[in-house]
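User: I would like to go through this model and ask, for each description, what value and what criterion stand behind it.

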Amino acid sequence: MFMAFIYAFCLVIKNLVWQMLFIAAFVVVSLVSEPIVLFLGVFLGSVIHTYFFTGTFILSGALKNRSIPGLVSVGVFVLCGFSFFLVQFFPQQFSDSSPYWQTAMHKSGSLRLVVEQLLGLLYPGQVTDQLVATSNAGVSVLSFLSFMYTYHYLNWFSKTTVIKWYKIDRRATVAVVAMVSFSLIFYFTNRILYYYLIALYSTVHSVMEFPLNYRSFVAIGQDWPKFFAKRSPVELQ
């Protein structure tokens with residue numbers, strides 16, 4: 001994931017000198033700062049991909065269509081994300097005394113890793129089991145992640161005219177059915193292999209979407225000035 005991020009940057013910045021400088025800088029960073037590598041490795045496939053890139057895609061669509069409601073929806077999306085850290089939406093007994101909450105956090109290794117990384121940004125050097133499983137901060141982080149993933153899934157499933165789910169060919173349909181079937185088989189027979197398989201799907205999905213992320217950034221740069229430009233009579237009609 002870390003190397004894919006570097007490659008994606010090189011697609012955006014086409015100047016060879018800047019590419020080499022960027023790669024050299026990341027090599028140095030990876031040698032002297034393991035937390036940064038872990039941060040990108042963990043967040044690039046989850047928080048950055050699921051929240052930041054989703055917002056980018058929504059913004060790109062709003063600018064392309066010159067949609068003021070679409071632009072407002074981007075603002076609402078961002079505010080919803082921040083709201084979990086500003087307002088507490090959960091009952092106190094859920095975070096402090098619920099054995100379900102604590103058990104779930106201890107069993108979910110990959111999710112716990114993301115939560116620990118986010119809490120590490122808020123409380124450097126203070127991340128403990130109690131902070132992760134029972135604190136208001138831990139619940140706020142997991143609430144944000146729940147919103148982020150749910151919005152991401154609903155947003156993409158609603159864009160049938162953009163993604164054209166209904167137009168995939170027979171080979172793609174067979175491949176998707178096979179992948180889901182393998183996942184279900186492992187889920188009921190070997191949970192460890194199941195989680196590895198799901199993690200592989202997630203990582204490949206994030207990397208394969210980099211070209212779309214790149215195109216979204218390019219489109220935002222091109223459409224942002226047009227959004228504020230005066231519309232012609234034909235466009236107004």
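User: What makes G221 in α14 the site of a kink?

Analyst: In this predicted model, the bend at a residue is the angle between axes fitted to the seven residues ending there and the seven starting there; at G221 in α14 that angle is about 30 degrees, and the kink lies shortly before the proline P225.

User: How do you know what span to expect of helix α14, and what is the distance between its end C-alpha atoms?

Analyst: The expectation is 1.5 Å times one less than the number of residues, so the 18 residues of α14 (residues 210-227) should span 26 Å, and the end C-alpha atoms, 25 Å apart, agree with this. Helix α5 (residues 68-86) can be treated in the same manner: its 19 residues reach 26 Å from first C-alpha to last, which is close to the expected 27 Å.

User: Which residues of α14 are called buried, and what is the criterion?

Analyst: Buried means under 20% relative accessible area, and in α14 the residues that meet this are F210, N213, S216, A219, I220, D223 and F227. In α5 the buried residues are G70, V74, F77, G81, S83 and F84, and they pack against α4 and α10 (136-158). Over the protein, buried residues make up 32% of the 237 residues.

User: What does L59 touch, and how do you know that a pair is in contact?

Analyst: A contact requires heavy atoms within 4.5 Å, and by that criterion L59, which lies in helix α4 (residues 47-64), touches L71, V74, I220 and W224, residues up to four places away in sequence not being counted. L59 and G70, 11 residues apart in sequence, have their C-alpha atoms 7.4 Å apart in space.

User: What makes a residue part of the lining of the second largest pocket, and how many residues line that pocket?

Analyst: A lining residue has an atom within 4 Å of a pocket point, and 13 residues line this pocket, with F57, S60, G61, K64 and V162 nearest its centre. The elements giving two or more residues to the lining are α4 and α14, and α4 gives the most, with 6 residues. The volume of the pocket is about 410 Å³.

User: Where is confidence lowest and where is it highest?

Analyst: The mean pLDDT is lowest in helix α15 (residues 233-236), at 50, and highest in helix α12 (residues 170-189), at 90. The protein averages 77, and 74% of the residues score at least 70. Where pLDDT is low, the predicted coordinates should not be read in detail.

How values were computed:
Residues are numbered from 1 along each chain as its sequence is written. This is a predicted model: local features need pLDDT of at least 70, side-chain atom pairs count only at pLDDT 80 or more; totals for chains, interfaces and linings use all residues. Side-chain values use heavy atoms; hydrogens and water are left out. Helices (H or I, at least four residues) and strands (E, at least two) are DSSP runs, numbered from the N terminus. Buried means under 20% relative accessible area, exposed over 50%, partly exposed in between (1.4 Å probe, protein chains only). pLDDT is the predictor's confidence in each residue, from 0 to 100. On a 1 Å grid over the protein atoms alone, a cavity is a set of points where a 1.4 Å probe fits but cannot get out, and a pocket is an open set with protein on both sides within 12 Å along at least five of seven lines; lining residues have an atom within 4 Å of a point. Grid points are joined across faces, edges and corners, and a volume is the space filled by probe spheres set on the points.
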